[in-house]
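Student: I am new to this structure, so please pick one part and take me through it closely. I would like to hear about its side chains and how they fit with the rest of the fold.

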Amino acid sequence: MKKKPKIFVIIVTYKGMRWYDKCFTSLRESTMPVQTVVVDNTPGEDDAKYIKENYPEIHIIKTDENLGFGKANNLGMRYALDHGCDYVFLLNQDAWIETNTLGELVRIAEKYPEYGLLGSNKSTEEK
């Protein structure tokens, strides 16, 4: 039997409290188990405290300054690589996934191993 891949989801946060519940809950409901890493660029401790209290499964990397999106994602990806990830999924703090999003991406990645990078973009806006 094939083992489930080790998927790390990296989320860079900055004053994103209004989006956390929708974003983090969607990861909890994923059909593929994930390990979530939040790189918190928000000044102060309120956001990190909220995440720790409500989402204890999330690993938080608290920065002392706003490192920006790219540098913060690099910190999260370094953590994932150091902890044996098979896949890394970058997710914005104001976004969420469908329950099968990561399963579909893994299925495609395994079917086409020559692809080095995959993404998902589905608008849920009503037209």
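**Salt bridges around the sheet**

Tutor: Let's begin with R28, which is partly exposed at a relative accessible area of 46%. Keep in mind that this is a predicted model. The side chain of R28 meets that of E57 in a salt bridge, with 2.7 Å from N to O. R28 belongs to helix α1 (residues 17-28) and E57 to the loop between α2 and β3, so their pairing ties together parts 29 residues apart in sequence. E57 is partly exposed too, with a relative accessible area of 45%.

Now look at what follows that loop. β3 is part of an open sheet of four strands, ordered β3-β2-β1-β4 with parallel pairing. Because β3 (59-62) and β4 (87-90) each have a single partner strand, they are the edges, and one side of each has no neighbour in the sheet. Helix α2 (residues 46-54) lies across β2 (34-40) and β3, at about 170° to β3.

At the β4 edge, D86 and K3 join their side chains in another salt bridge (3.2 Å, N to O). D86 sits in the loop between α3 and β4, and K3 in the segment before β1, so this pair ties together parts 83 residues apart in sequence. D86 is partly exposed, at 38% relative accessible area, whereas K3 counts as exposed at 61%. The strands that follow them also meet: β1 (residues 7-13) and β4 pair in the parallel sense over four bridges, and F8 stands opposite V88 in β4.

The whole structure holds five salt bridges, including the two we have just visited.

Note on methods
Residues are numbered from 1 along each chain as its sequence is written. This is a predicted model: local features need pLDDT of at least 70, side-chain atom pairs count only at pLDDT 80 or more; totals for chains, interfaces and linings use all residues. Side-chain values use heavy atoms; hydrogens and water are left out. Two strands pair if DSSP finds at least two bridges between them. Helices (H or I, at least four residues) and strands (E, at least two) are DSSP runs, numbered from the N terminus. Contact means heavy atoms within 4.5 Å. Axes are lines fitted to C-alpha atoms, for helices over the stretch in contact, and angles run from 0 to 180 degrees between N-to-C directions. A salt bridge is a side-chain nitrogen of Lys or Arg within 4 Å of a carboxyl oxygen of Asp or Glu. Buried means under 20% relative accessible area, exposed over 50%, partly exposed in between (1.4 Å probe, protein chains only).
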